[in-house]
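Got your viewer open and a selection box ready? Here's a short walk through the model, one selection at a time.

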Amino acid sequence: MSVVEWVVDGRVSLDAPDRNLAVQRRELANTLLTENSDTETAAKLYRIAAIDGDISAQFALANMLAQGIGVERNTTESLKWLREAALTGHAMAQVMWGAALINGEGIEADVTEGSRWVIRGMAKWSEEDRDIDPVYVGI
């Protein structure tokens with residue numbers, strides 16, 4: 001059994017989240033996507049890491065669910081993980097959550113609240129990386 005099968009198969013306890021293990025799972029998922037194009041296994045690893053609280057994995061899983069990459073497309077679950085990542089401080093997730101609220105994409109539209117999220121995310125984003133273009137997120 002490979003390391004990937006061992007991790008995905010749940011042979012590591014999921015009862016108590018291990019942040020280091022969550023990061024390792026996310027990094028392995030990133031590698032699988034970039035080097036092997038193994039989207040199904042990457043989605044499984046992102047899901048486990050997301051459940052363990054890794055905000056980058058939550059954001060990645062939200063995007064995979066929204067686009068149907070490695071998993072069946074699921075807007076409701078995608079928004080759940082996008083919101084979770086936004087609430088825990090992921091800047092891009094905050095911008096995208098705000099855009100979803102503004103546009104009413106799969107949820108009831110709320111322009112005021114959506115605008116707050118976009119502003120919060122862009123402020124955090126500009127602190128973290130001043131070279132990011134807001135056009136990238138489609139707003």
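Start by selecting M64, which sits in helix α4, residues 55-67. One thing to keep in mind as you click around: this is a predicted model.

**Stop 1: M64 and its surroundings.** Is M64 buried or exposed? Its relative accessible area is 5%, so M64 is buried, the cut-off for that label being under 20%. Now show what M64 touches, skipping residues up to four places away in sequence: you should get L33, T39, A43, Y46, I69, G70 and V71. Pick Y46 out of that set and draw a C-alpha to C-alpha distance to M64: it comes to 9.4 Å, for two residues 18 apart in sequence.

**Stop 2: helix α3.** Y46 is a good handle for the next selection, residues 39-51, which make up α3. Its 13 residues reach 18 Å from first C-alpha to last, close to the 18 Å expected at 1.5 Å a residue. Color the buried positions here: T41, A42, A43, L45, Y46, I48, A49 and A50. Just after α3, click G53, where phi is positive at about 100°.

**Stop 3: D54 in the loop.** Next up is D54, in the loop between α3 and α4. How accessible is D54? Relative accessibility is 8%, so D54 counts as buried. Turn on side chains and look for R26: the side chains of D54 and R26 make a polar contact at 2.7 Å. Leaving out residues up to four places away in sequence, D54 touches A22, V23, R26 and A49.

**Stop 4: the largest nonpolar core.** Zoom out for this one, as the largest nonpolar core has 30 residues. Which of them touch the most other members? Highlight Y46, F59, L61, W81, L82, A93 and W97. Helices α2 (19-36), α3, α4, α5 (75-87), α6 (91-103) and α7 (111-128) each supply at least two residues of this core. Then center on F59, which touches L82, A85, H90, M92, A93 and M96, again without counting residues up to four places away in sequence.

**Stop 5: rings.** With those aromatic side chains on screen, how many aromatic pairs does a search of the whole structure find? Zero. There is still a ring to visit, though: select W117 and R120, and you'll see R120 lying over the face of W117, 4.2 Å from the ring centre.

Technical notes: Residues are numbered from 1 along each chain as its sequence is written. This is a predicted model: local features need pLDDT of at least 70, side-chain atom pairs count only at pLDDT 80 or more; totals for chains, interfaces and linings use all residues. Side-chain values use heavy atoms; hydrogens and water are left out. Helices (H or I, at least four residues) and strands (E, at least two) are DSSP runs, numbered from the N terminus. Buried means under 20% relative accessible area, exposed over 50%, partly exposed in between (1.4 Å probe, protein chains only). Contact means heavy atoms within 4.5 Å. A polar contact is a pair of N or O atoms within 3.5 Å; within protein, one must be able to donate a hydrogen and the other to accept it, and residues adjacent in sequence count only if both atoms are side-chain atoms. Rings of Phe, Tyr and Trp (its six-membered ring) pair if their centres lie within 6.5 Å; planes under 30 degrees apart count as stacked, over 60 as edge-to-face and the rest as tilted. A charge sits over a ring if NZ of Lys or CZ of Arg is within 6 Å of the ring centre and within 35 degrees of the ring normal. The expected span of a helix is 1.5 Å times one less than its number of residues. A nonpolar core is a set of buried Ala, Val, Leu, Ile, Met, Phe, Trp, Tyr and Cys residues joined through side-chain atoms within 4.5 Å.
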